[in-house]
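User: I would like a close look at one part of this protein. Please keep it brisk and tie the part to its surroundings.

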Amino acid sequence: MRPSNRSDILDAALRVVDRAEGADITYDSVAREAGLTKAGLMYHFPSKDAMMIAIIEHVVGRWQAELLDVLGAPLEGSTLEDRVRAFVHFAGSGGVTQGEFVVFSEAVRRPTLSQPWLDYLRRWFDFAADADPTPLLLVWLATNGLWISEATGVLDVSDVQRERLVALMLRVIDGETVS
């Protein structure tokens, strides 16, 4: 399959799950959204798990590309602090959709699907490698809480609140006392 076709199909799957009515990712729904037949989609993804893994890898790939852009340096030459700071800027600017959250939630519910997600987390955020990762871990957890709250609709964070939260999290990374 040409990379553009694969990407188009995976984008179609994300559009399905991003819809307001929260449609499930099925062969029928993705095929319809991608303009394919169910058989055509099954040709590219022989099982629903194969399709779900590809969707997760697709999202993780986008996240990593966007995070690298925010990081402004190769991953290998960055510190955990640099990566957490990039994540704060990425997630703090609304870098995650509800559909992506749903896809990752499915991966958590089904461990066979979680490997791409776990590989990404271990590669970008290895808190065990830092001497005292507690402040960075706190910021990382708070940042995840922000995007999860927004992606699930639990909270409606205003632009002003978002700016303040991001600034506060960056101050924690810088070692400043926050009040």
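User: Which residues does Gly 92 touch, not counting residues up to four places away in sequence? Please set the answer in the context of the helices around it.

Analyst: A note before the details: this is a predicted model.

Gly 92 touches Phe 87, Leu 146, Arg 162 and Val 166, once residues up to four places away in sequence are set aside. Gly 92 belongs to helix H5, which covers residues 80–92. Is Gly 92 buried or exposed? Its relative accessible area is 5%. Buried means under 20%, so Gly 92 is buried. Two of the partners just named, Arg 162 and Val 166, are in H9. Leu 146 falls within the residue range of helix H8, 134–152. There is also a distance to note along this side. Gly 92 and Asp 159 are 67 residues apart along the chain, and 9.9 Å separates their C-alpha atoms. Asp 159 is the residue at which the range of H9, 159–173, begins.

Now the pairing of H5 with H9. The two helices pack with their axes 10 Å apart, at an angle of about 175°. An angle over 145 degrees counts as roughly antiparallel, so H5 is roughly antiparallel to H9. On the H5 side, the contact is made by Glu 81, Val 84, Arg 85, Val 88, His 89 and Gly 92. On the H9 side, the residues are Arg 162, Val 166, Met 169, Leu 170 and Ile 173. By type, the contact residues divide into six nonpolar, two polar and three charged. The spacing of such contact lists has a simple background. An α-helix has 3.6 residues a turn, so residues three or four places apart point the same way.

H9 also has a residue turned outward. Arg 164 lies in helix H9. Its relative accessibility is 61%, so Arg 164 counts as exposed. The C-alpha atoms of Arg 164 and Ala 39 are separated by 49 Å, with their positions 125 residues apart along the chain.

H5 has a second role, as cover for H7. In helix H7, residues 115–124, the buried residues are Pro 116, Trp 117, Tyr 120, Leu 121 and Trp 124. Seen down the axis of H7, these buried residues fall within an arc of 135°, so they line one face of the helix. What covers them includes H5, along with helix H4 (48–71), helix H6 (98–109) and helix H8 (134–152).

Two further residues help to place these helices. Val 102 lies in helix H6. At 35% relative accessibility, Val 102 counts as partly exposed. Val 102 and Ile 25 are 77 residues apart along the chain, and their C-alpha atoms are separated by 10.0 Å. Ala 128 sits in the loop between H7 and H8. At 75% relative accessibility, Ala 128 counts as exposed. From Ala 128 to Val 84, 44 residues apart along the chain, the C-alpha separation is 14 Å. Val 84 is among the H5 residues that meet H9.

Finally, the whole protein. There are nine helices and zero strands. Along the sequence the pattern reads α-α-α-α-α-α-α-α-α. The C-alpha atoms fill a box of roughly 60 × 35 × 30 Å, taken along the principal axes. Of the 179 residues, 39% are buried, and Gly 92 is one of the buried residues. Among contacts between residues at least 6 apart in sequence, 66% join residues at least 24 apart. The accessible surface comes to about 9700 Å², and 55% of that belongs to carbon and sulfur atoms.

Key: Residues numbered from 1 in each chain as written. Predicted model: local features only at pLDDT ≥ 70, side-chain atom pairs only at ≥ 80, totals over all residues. Heavy atoms only, no water. Helix = DSSP H or I, 4+ residues; strand = E, 2+ residues; numbered from the N terminus. Buried < 20%, exposed > 50% of the residue type's maximum accessible area, 1.4 Å probe, protein only. Contact = heavy atoms within 4.5 Å. Arc of directions from axis to C-beta. Axes fitted to C-alpha atoms, helices over the stretch in contact; angles between N-to-C directions. Parallel < 35°, antiparallel > 145°, perpendicular 65-115°, else oblique. Nonpolar A, V, L, I, M, F, W, Y, C, P; charged D, E, K, R; others polar. Areas by Shrake-Rupley, 256 points an atom, 1.4 Å probe, with all protein chains shown as cover.
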